[in-house]
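Grab the model and work through these exercises with it on screen. Try each task before you read the solution.

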Amino acid sequence: MWDTTGAVPEAQSRSGVKFGGQGLSVKTVEALIERAQRLVDSRSTSEDRLAWYVEASSLGDLPAIASLAMLAARHADRQILIARELEAPTDLVYTAWTTPALVKQWWGGSRGTVASAEIDLRVGGEWRYLLVDKDGLQSAFRGEYREIVPDERIVSTERNEPAHGESLSTVVFTKVHGRTRLTLLMELASSEARDAALNSGIEMVLEEQMKLLEQVAESLG
């Protein structure tokens, strides 16, 4: 779906950032950011608007490059970044993400059943999910909301109980012709923590969650 010269990052690779299914180094991403920034800076002074738009189109989704790629380039060895387009309107995806009864339907994936989901959706409020696997083992996850823009953006922390290090997650909901582009950036405490998460299969878990989230959101329409 995305062109490798200018696309929303689909996922984070161990060596840098993955665009369009291909791994790119942080240096390459930084070059994309500089190119995008030059275009942004020159838009108001450009005498040939057609030429400007032709150049901008070669970057693909310019706003996404300018904002999301910049995030990906910072501390890339500590981050996991995934972006997907879901076949559901943004307000419904946001509702499925923030409603306890709906979270219980998608957050667990194949890992198990979400026995409880508590959400205090306000800055400074907390969330807590209790996951029960097929063997009956319980695992609790919790975090604090740092930023909330309804239907657009949520920033929150996440940690296990008992705490084994905390991560920061930023999820962005973007309207795209009646669908939703969901971008999730996870920043872990260290590169070792990130590698451990990747080795544990977190990418597969995130993929499962996105598919189930899409189904739950579509069911609300």
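## Exercise 1: a serine in a strand

Task: leaving aside neighbours within four places in sequence, which residues is Ser 169 in contact with?

Solution. Step one, list the partners: Ser 169 is in contact with Ile 154, Val 155, Ser 156, Glu 158, Leu 184, Leu 185 and Met 186, once neighbours within four places in sequence are set aside (contact means heavy atoms within 4.5 Å). Before going on: this is a predicted model, where local features need pLDDT of at least 70 and side-chain atom pairs count only at pLDDT 80 or more, while totals for chains, interfaces and linings use all residues. Residues are numbered from 1 along each chain as its sequence is written, and side-chain values use heavy atoms, with hydrogens and water left out.

Step two, place the residue: Ser 169 sits in strand S9 (residues 167–176). Helices (H or I, at least four residues) and strands (E, at least two) are DSSP runs, numbered from the N terminus.

Step three, check accessibility: with a relative accessible area of 11%, Ser 169 is buried. The scale is under 20% for buried, over 50% for exposed and partly exposed in between, using a 1.4 Å probe and protein chains only.

## Exercise 2: the sheet

Task: what is the strand order of the open seven-stranded sheet, and which strands stand at its edges?

Solution. Step one, walk across: the order is S4-S10-S9-S8-S7-S6-S5, paired in the antiparallel sense. Two strands count as paired if DSSP finds at least two bridges between them.

Step two, look at the ends: S4 (79–86) and S5 have a single partner strand each, so one side of each lacks a neighbour in the sheet. Direction ignored, neighbouring strands of this sheet are turned by 20 degrees against each other on average.

Step three, take the S4 end: S4 and S10 (residues 179–187) run antiparallel and are joined by eight bridges. Leu 81 has Leu 185 in S10 as its bridge partner.

## Exercise 3: two hairpins

Task: how many bridges link S5 to S6, and how many link S6 to S7?

Solution. Step one: S5 (residues 113–119) and S6 (residues 126–132) pair antiparallel over six bridges, and Glu 118 stands opposite Arg 128 in S6. This hairpin has six residues between its strands, with Gly 124 in the turn at a positive phi of about 95 degrees.

Step two: S6 and S7 (residues 138–149) also run antiparallel, joined by seven bridges, and Leu 130 faces Ala 140 in S7. Here five residues lie between the strands, and Gly 136 has a positive phi near 90 degrees.

Step three, zoom in on S5: Ala 115 lies in this strand and is partly exposed at a relative accessible area of 39%. Its C-alpha atom is separated by 6.0 Å from that of Leu 131, 16 residues apart along the chain. Setting aside neighbours within four places in sequence, Ala 115 is in contact with Lys 104, Leu 130 and Val 132.

## Exercise 4: two helices and a core

Task: at what angle do the axes of H4 and H7 cross, and which residues make the contact?

Solution. Step one, get the geometry: the axes of H4 (residues 90–98) and H7 come within 9 Å and cross at roughly 115 degrees. That makes H4 roughly perpendicular to H7, a label for angles of 65 to 115 degrees. Axes are lines fitted to C-alpha atoms, for helices over the stretch in contact, with angles from 0 to 180 degrees between N-to-C directions.

Step two, name the contact: H4 brings Leu 92, Val 93, Ala 96 and Trp 97, and H7 brings Met 210, Leu 213, Val 216 and Ala 217.

Step three, ask how enclosed H4 is: seven of its nine residues are buried, so H4 is largely enclosed by the rest of the structure.

Step four, find the core: of the 36 residues in the largest nonpolar core, Trp 97, Leu 182 and Leu 213 touch the most other members. H7 (residues 202–219) gives the most to this core, with six residues. Such a core is a set of buried Ala, Val, Leu, Ile, Met, Phe, Trp, Tyr and Cys residues joined through side-chain atoms within 4.5 Å.

Step five, finish on H7: Gln 209 is in this helix and counts as buried at 7% relative accessibility. Not counting residues up to four places away in sequence, Gln 209 touches Trp 106, Trp 107 and Arg 111.

Technical notes
Angles under 35 degrees count as roughly parallel, over 145 as roughly antiparallel, 65 to 115 as roughly perpendicular and the rest as oblique.
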